[in-house]
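Subject: Structure handover

Hello,

I am passing a structure on to you, along with notes on what was found in it. Please look at it first and then read on.

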Amino acid sequence: MRGAFLVERRSIDLVPDAERHGTAFSQFTLWLGANLQITAVVTGALAVVFGGGAFWSLIGLVAGNALGGAVMALHSAQGPRLGLPQMISSRAQFGVRGAVVPLLLVIVMYVGFFASGTVLAGQAVGELTHLGETPGILVFALVTAVAATIGYRVIHILGRVASVICAPAFVYLVIRLLDRIDLTTVLHDRAFHVPMFLLAMSLSASWQLAFGPYVADYSRYLPRTTSARATFWWTLGGSALGSQFSMTFGVLVAATAGDAFLDDQVGYVVGLGGAGLAASFLYFTIALGKLTINVLNTYGGFMSLVTGIGGFRAQKTVGPRARALCVGGIMLAGTAVALAGKDSFLTSFKDFLLFLLTFFTPWSAINLVDYYLISRERYDIPALFDPQGRYGAWRWDALSVYVVGVLAQLPFLATSFYTGPLVARLGGADVSWMVGLVVPAALFFVLARRRNTGDTPTAPGASAPYREPHGCP
């Protein structure tokens, strides 16, 4: 009976009101715990590793966390209202089948984040168990897959536990670090370089924006009456506070440790805390923090996979065996990437983060403009599952805007494998993600206003176009 309580029955179907529970504060503990972890530390460190000064890197990271976190939290606020996973709502913009285009890229993102998290967590598990890095990666990947298969409840439990354990551990590490360094000296260099400042902004903004495609998956069980404002602020608060704390720690470590940190990120961080039992506890904390976020990534990948397949098969529910197979497939793909890329982690991860922005900022812009400005928070829920319904199978205008949004960023994109022609004129600054938000948002607003004139679903109980069942569709 207890197992039945824990294992989630829902997948991409509507969560009925009778199964809704919790408060918006649950989003704070979940996202705080998800961001108090070693990969966020490394993300902050990258701002310094690639040439930025500590002072302006910190300010750039704050700006990116605030802006990207606000976009991410706007997606979270959709959860209680719709009671659906995040990417299902993309069908209203791109069509029931057309939504598969951004979904394919979302799944790639989940596999990439699973891999990057597994590299660092595998180091911690390997040290904790004395098995070594590669066995540690395999053990961690298996535990992640089991937790993701169980589903929603265990994810929130992990978030609460990680918040309680990881927060004191990180505070302790910061205190230990400050005992070793002269903070005034570290922050003394105030020279402002636009490219490095924008790099720091891009790193933290991409970190936050990458949560957008699945953030509503974890707010959709909240009661329908939950305030959208409360959901927004608790999500933003937990995510921005947790990530900024971790990234600040990363900046200070990278600015003072040099090659000692670059050669062994996990080992150096744990070494700050001491040896023996203290080191074992910190290895456990790192593994726990990564387990929380990797379960989110694996679960999100499962939901996206089912959403994509369901658009072609009219599928709304998934059995335990299919759930396990989907999760297992994501685990295997992510583990393979982790094992292949573990020796060039820092450079690969930085490029991965920045490249992600190219594909997810246009999706985010289109989704938010449609939900808040065009449809005004009202969707025809059954039509999201019907290729013959209101939203159709393919919405080529939205897909065209999405492609234009991606292409518009290329002249401004700066990675190790591609640099756009306008980057040099901007002093090497990468502003592609800003272009990726503004251009598709403006284009889609104009096109969608023409498309949806007189066709926006009305509120429940008002008139016919809005249909929302009071149970599983």
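The notes below go from the whole chain to helix pairs and then to single residues.

**Overall**

Please keep in mind that this is a predicted model. The protein has 19 helices and zero strands. Of its 473 residues, 59% count as buried. What share of the contacts between residues at least 6 apart in sequence join residues at least 24 apart? The share is 86%.

There are zero disulfides in the structure. Two cysteines are worth listing here. C166 has 0% relative accessibility and therefore counts as buried, since the cut-off for buried is under 20%. C326 has a relative accessible area of 14%, so this residue is buried by that cut-off too.

**Two helix pairs**

Two packed helices are described by the angle between their axes and the distance between the axes. Helix 15, residues 277–313, appears in both of the pairs below.

The first pair is helix 8 (residues 133–150) with helix 15. Their axes are 9 Å apart, and the packing angle is about 55 degrees. Are the two helices parallel or oblique to each other? They are oblique, because an angle of about 55 degrees is neither under 35, nor over 145, nor in the range from 65 to 115. The crossing of helix 8 past helix 15 is right-handed. On the helix 8 side, the contact involves F140, V143, T144, A147 and A148. On the helix 15 side, these meet A287, K290, L291, N294, V295, T298 and Y299. By type, the residues of this contact are eight nonpolar, three polar and one charged.

The second pair is helix 7 (residues 100–129) with helix 15. Here the angle is about 160 degrees and the axes are 8 Å apart. Angles over 145 degrees count as roughly antiparallel, so helix 7 and helix 15 are roughly antiparallel to each other. Helix 7 passes helix 15 in a left-handed crossing. The residues in the contact of helix 7 with helix 15 comprise 17 nonpolar, 11 polar and two charged.

**Residues in helices**

A63 is part of helix 4, which covers residues 54–76. Its relative accessible area is 22%, so A63 is partly exposed. Which residue, 134 residues away along the chain, has its C-alpha atom 9.8 Å from that of A63? The residue is F197.

V337 belongs to helix 16, residues 320–341. V337 has 43% relative accessibility and so counts as partly exposed. Apart from neighbours within four places in sequence, V337 is in contact with V111 and A115. The C-alpha atoms of V337 and F113 are separated by 10.0 Å, with their positions 224 residues apart along the chain.

**Residues in loops**

S89 sits in the loop between helix 5 (78–82) and helix 6 (91–94). Is S89 buried or exposed? S89 counts as buried, because its relative accessibility is 2%. With neighbours within four places in sequence set aside, S89 touches Q78, L82, N367 and Y379.

T225 is in another loop, the one between helix 11 (194–209) and helix 12 (228–257). T225 has 75% relative accessibility, so this residue counts as exposed. T225 and D17 are 208 residues apart along the chain, and their C-alpha atoms are separated by 9.8 Å.

H130 lies in the loop between helix 7 and helix 8. At 73% relative accessibility, H130 is therefore classed as exposed. Its phi is near 65 degrees, a positive value in a residue other than glycine.

What is the phi of R376? It is positive, at about 55 degrees, although R376 is not a glycine. R376 is located in the loop between helix 17 (345–374) and helix 18 (396–409).

**Where to start**

To get your bearings, find helix 15 and then look at helix 7 and helix 8, which both pack with it. After that, H130 can be found in the loop between helix 7 and helix 8.

Regards

Technical notes: Residues are numbered from 1 along each chain as its sequence is written. This is a predicted model: local features need pLDDT of at least 70, side-chain atom pairs count only at pLDDT 80 or more; totals for chains, interfaces and linings use all residues. Side-chain values use heavy atoms; hydrogens and water are left out. Axes are lines fitted to C-alpha atoms, for helices over the stretch in contact, and angles run from 0 to 180 degrees between N-to-C directions. Helices (H or I, at least four residues) and strands (E, at least two) are DSSP runs, numbered from the N terminus. A crossing is left-handed if the near helix is turned anticlockwise from the far one by less than a right angle, and right-handed if clockwise. Contact means heavy atoms within 4.5 Å. Ala, Val, Leu, Ile, Met, Phe, Trp, Tyr, Cys and Pro count as nonpolar, Asp, Glu, Lys and Arg as charged, and the others, Gly among them, as polar. A disulfide is a pair of cysteine sulfur atoms within 2.5 Å. Buried means under 20% relative accessible area, exposed over 50%, partly exposed in between (1.4 Å probe, protein chains only).
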